[in-house]
Amino acid sequence: MSDQADLEQELRMGREFSIAELIAREGGDFLKGESMIPPLVQAKHAVDLFIDRHLVDASGALQVTLKNWVGTHEGLLSQHIETPLNALRQAIQNILEHPQLLYELVQQADMKWGQMYDERPHFQQPGQMPHPDDEYTHASVQNDLVRLLALLDD
C-alpha cells in the first residue's frame, strides 16, 4: 500500500490528523542521497582538512590564517565547488605570484600568533631582515606555501 493510502486509512480509523506527520511522511524522500551540509561548507571543510593535515605549523597561526584567507574568498571556493583543493591551489599560486599578498598573509599570521600567545608579534618589512625570534618570515611562509602547493600537485 502506498504512503498516501496508509495516511488516508489512518485518518479514516479516527486517528487525529497531524500536519507534522504529513510533512515527515512526504518529506522523507526529499533529501534522499543529498547532504544536509551546503556544498560551500563542504568545500571549505575539505580545504581546512587538507591544510590541517599537510601544512606543518608548530604554533598553528599560519594554518588558521591560510584557512581564513581561503574561506573568506567564497567566490574562489564557489568556482571550485566540486574540486575545492583547486581553490586552495589557485589561492596559493596567487599569493606566491604577488609579493604584496605574501607580505599581507605573513603579517596576518604574525598578528594571529600574537593573539594566540598573548605576545607582541614581530613584523618583517619588505626588503628587511626578519627579527631573530619571528616565527613567520616572508621566506619561511613562502617555503611553506611552495611545499603545500607541491603536495596539491601530486
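This note walks through a predicted model of one protein chain, from its overall make-up down to single residues.

1. **Overall make-up.** The protein chain has 8 helices and 0 strands. Along the sequence the pattern reads α-α-α-α-α-α-α-α. The chain holds 154 residues, and 32% of them count as buried. About 10000 Å² of surface is exposed. Carbon and sulfur atoms supply 53% of that area.

2. **Reach of the contacts.** Take the contacts between residues at least 6 apart in sequence. Of these, 58% join residues at least 24 apart.

3. **The largest nonpolar core.** This core has 28 residues. Which members touch the most others? They are L66, L88, Y136, V141 and L145. Six elements are worth finding here, each giving two or more residues to the core: helix 3 (39–54), helix 4, helix 5 (74–79), helix 6 (84–97), helix 7 (99–117) and helix 8 (138–153). As general background, nonpolar side chains in soluble globular proteins tend to be buried together.

4. **L88.** Leaving out residues up to four places away in sequence, L88 touches V47, F50, I51, L66, V70 and L152. L88 also turns up in the contacts that helix 6 makes with helix 3, with helix 4 and with helix 8. Start with this residue when tracing the helix pairs below.

5. **Helix 3 against helix 6.** The two axes lie 8 Å apart, at an angle of about 60 degrees. An angle of that size falls outside the 65 to 115 range for roughly perpendicular, so helix 3 and helix 6 are oblique to each other. Their crossing is right-handed. Helix 3 brings A43, A46, V47, F50 and I51 to the contact, and helix 6 brings P84, L85 and L88.

6. **Helix 4 against helix 6.** Here the axes come within 10 Å and cross at roughly 105 degrees. Helix 4 and helix 6 are therefore roughly perpendicular to each other. On the helix 4 side the contact uses L66, W69 and V70; on the helix 6 side it uses L88, A91 and I95.

7. **Helix 6 against helix 8.** These axes also come within 10 Å, and they cross at roughly 145 degrees. The crossing is left-handed. From helix 6 come L85, L88, R89, I92, Q93, I95 and L96. They meet Q142, L145, V146, L148, L149, L152 and D153 of helix 8.

8. **Helix 4 as a covered element.** How many residues of helix 4 are buried? The count is 9 of its 11, and the helix is mostly covered. The buried residues are A61, L62, Q63, T65, L66, K67, W69, V70 and G71. Their cover includes helix 3, helix 5, helix 6, helix 7 and helix 8.

9. **T65.** This residue sits in helix 4, which spans residues 61–71. Is T65 buried or exposed? Its relative accessible area is 4%, so T65 is buried. Setting aside neighbours within four places in sequence, T65 is in contact with L105, Q108, A109 and K112.

10. **K67.** K67 is another residue of helix 4. Why does K67 count as buried? Its relative accessibility is 16%, and the cut-off for buried is under 20%. Beyond residues up to four places away in sequence, K67 touches K44, D48, I51 and D52. K67 and L49 are 18 residues apart in sequence, yet their C-alpha atoms are 9.3 Å apart in space.

11. **W113.** W113 lies in helix 7. Its relative accessible area is 17%, so W113 is buried. W113 and T65 are 48 residues apart in sequence and 9.5 Å apart in space, C-alpha to C-alpha. Not counting residues up to four places away in sequence, W113 touches S59, A61, E119, R120, P121, E135 and Y136. Of these, A61 is on the list of buried residues in helix 4, and Y136 is among the core members that touch the most others.

12. **D118.** Look for D118 in the loop between helix 7 and helix 8. It is not a glycine, but it has a positive phi of about 50 degrees. At 72% relative accessibility, D118 counts as exposed.

Conventions:
Residues are numbered from 1 along each chain as its sequence is written. This is a predicted model: local features need pLDDT of at least 70, side-chain atom pairs count only at pLDDT 80 or more; totals for chains, interfaces and linings use all residues. Side-chain values use heavy atoms; hydrogens and water are left out. Helices (H or I, at least four residues) and strands (E, at least two) are DSSP runs, numbered from the N terminus. Buried means under 20% relative accessible area, exposed over 50%, partly exposed in between (1.4 Å probe, protein chains only). Contact means heavy atoms within 4.5 Å. A nonpolar core is a set of buried Ala, Val, Leu, Ile, Met, Phe, Trp, Tyr and Cys residues joined through side-chain atoms within 4.5 Å. Accessible areas come from the Shrake-Rupley method with a 1.4 Å probe; for residues, only the protein chains shown count as cover. Axes are lines fitted to C-alpha atoms, for helices over the stretch in contact, and angles run from 0 to 180 degrees between N-to-C directions. Angles under 35 degrees count as roughly parallel, over 145 as roughly antiparallel, 65 to 115 as roughly perpendicular and the rest as oblique. A crossing is left-handed if the near helix is turned anticlockwise from the far one by less than a right angle, and right-handed if clockwise.
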